[in-house]
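User: I've got a model open and would like to talk it through with you. Could you take my questions one at a time?

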Amino acid sequence: MSQIINVGVNFDGNASGARGAIGGLLSDVRDLTAEASKVKLLDGDSQQAQALSSDLQGLIGEVDALAQASQRVRILESALESVDEYRARLTVANAQVSRLRATLSEAYDSGADSSLIKSLERQLAAAEKAAGRASQALERTQARVVELNLAAEQTGVSTANLAKRKQELAEASAAASARVEALGLAIKQEAEYQTYLANEAERAAKALRDEEAAASIEKHRQAAIAIQKEAEYTSWWANEL
């Protein structure tokens, strides 16, 4: 394992910061899984490897749950932002309608040119359509917020507890971040230990092979000496005879 995985979690006060942080956690957990697979921790026989595997699976589940919670928070916050946006659009559109109505009324009263009156009438009709669209959009987004609040029992998120949920999400994500970092260090240490054990086993095996090879060589050398001595003894007796 080449490095310890470090995670920084920062929240900027809205759910988009939480979503970005959760996305980073998901990415880092995937990195941990990949690193663990490389050193075969997930299939390891040691108790430490099995414990790390269990921790990793638990962390994956925890981060997945945080991601789902973050998504629910973001959905509600997005709906609330849309309500604010369309309310502002409707305010601007209504102001435009009021201004054009007043201008058109003045044009009628003053006997303005028909072309000017027709132009103002077209502008007013367009402004009224825009105000109508903004009003409909506002009603839809407000209804969506109502639906989300009614679903709070299942999702755990409503306009009443949104700020609290965001804070809880920030704290839980920070804790998960610390666990990711700690688990990354533990996996790194276990990988180094396994590498050490593998190297020691290979060294011992090589030493045994070298020892067996040396013993074999010595056995053959002694056999050769015995054959040579036997040959010399036979030659001496032949000469004596």
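User: Let's start with the outside. What share of the accessible surface of the protein chain belongs to carbon and sulfur atoms?

Analyst: Keep in mind that this is a predicted model. The accessible surface of the protein chain adds up to about 15300 Å². The part of that surface belonging to carbon and sulfur atoms is 53%.

User: And what percentage of the residues count as buried?

Analyst: A residue counts as buried when its relative accessible area is under 20%. The protein chain has 241 residues. Of these, the buried ones make up 27%.

User: What pattern does the protein chain follow along the sequence?

Analyst: The secondary structure comes to 5 helices and 0 strands. Reading along the sequence, you get α-α-α-α-α.

User: Of the contacts between residues at least 6 apart in sequence, what percentage join residues at least 24 apart?

Analyst: Start with the contacts in the protein chain whose partners are at least 6 apart in sequence. Then keep those whose partners are at least 24 apart, and you are left with 77%.

User: On to the helix pair. Are H2 and H3 roughly parallel or roughly antiparallel?

Analyst: Helix H2 covers residues 47–110 and helix H3 covers residues 114–150; they pack with their axes 7 Å apart, at an angle of about 160 degrees. Angles over 145 degrees count as roughly antiparallel. H2 is therefore, relative to H3, roughly antiparallel.

User: Which residue classes make up the contact of H2 with H3, and how many nonpolar residues does it have?

Analyst: H2 passes H3 in a left-handed crossing. By class, their contact has 6 charged and 8 polar residues, and the number of nonpolar ones is 24.

User: Now some single residues. Is Ile 117 buried or exposed?

Analyst: Ile 117 sits in helix H3. It touches Leu 104, Ala 107, Tyr 108 and Ala 112, leaving aside residues up to four places away in sequence. Its relative accessible area is 13%, so Ile 117 is buried.

User: How far apart in space are Ile 117 and Glu 106, C-alpha to C-alpha?

Analyst: Along the sequence, Ile 117 and Glu 106 are 11 residues apart. In space, their C-alpha separation is 9.9 Å.

User: Which residues does Ala 127 touch, not counting residues up to four places away in sequence?

Analyst: Ala 127 is another residue to find in helix H3. Its relative accessible area is 8%, so it is buried. Val 92 is 35 residues away from Ala 127 in sequence, with 9.9 Å between the C-alpha atoms. With residues up to four places away set aside, Ala 127 touches Gln 96, Val 97 and Leu 100.

User: What distance separates the C-alpha atoms of Thr 103 and Leu 120?

Analyst: Look for Thr 103 in helix H2. Its relative accessible area is 29%, so Thr 103 is partly exposed. Thr 103 and Leu 120 are 17 residues apart along the chain, and their C-alpha atoms are separated by 7.8 Å.

User: Last one: is Ser 158 buried or exposed?

Analyst: Ser 158 lies in the loop between helix H4 (152–155) and helix H5 (162–240). Not counting residues up to four places away in sequence, Ser 158 touches Leu 76, Asn 149 and Ala 152. Its relative accessibility is 11%, so Ser 158 counts as buried.

Key: Residues are numbered from 1 along each chain as its sequence is written. This is a predicted model: local features need pLDDT of at least 70, side-chain atom pairs count only at pLDDT 80 or more; totals for chains, interfaces and linings use all residues. Side-chain values use heavy atoms; hydrogens and water are left out. Axes are lines fitted to C-alpha atoms, for helices over the stretch in contact, and angles run from 0 to 180 degrees between N-to-C directions. Helices (H or I, at least four residues) and strands (E, at least two) are DSSP runs, numbered from the N terminus. Angles under 35 degrees count as roughly parallel, over 145 as roughly antiparallel, 65 to 115 as roughly perpendicular and the rest as oblique. A crossing is left-handed if the near helix is turned anticlockwise from the far one by less than a right angle, and right-handed if clockwise. Ala, Val, Leu, Ile, Met, Phe, Trp, Tyr, Cys and Pro count as nonpolar, Asp, Glu, Lys and Arg as charged, and the others, Gly among them, as polar. Buried means under 20% relative accessible area, exposed over 50%, partly exposed in between (1.4 Å probe, protein chains only). Contact means heavy atoms within 4.5 Å. Accessible areas come from the Shrake-Rupley method with a 1.4 Å probe; for residues, only the protein chains shown count as cover.
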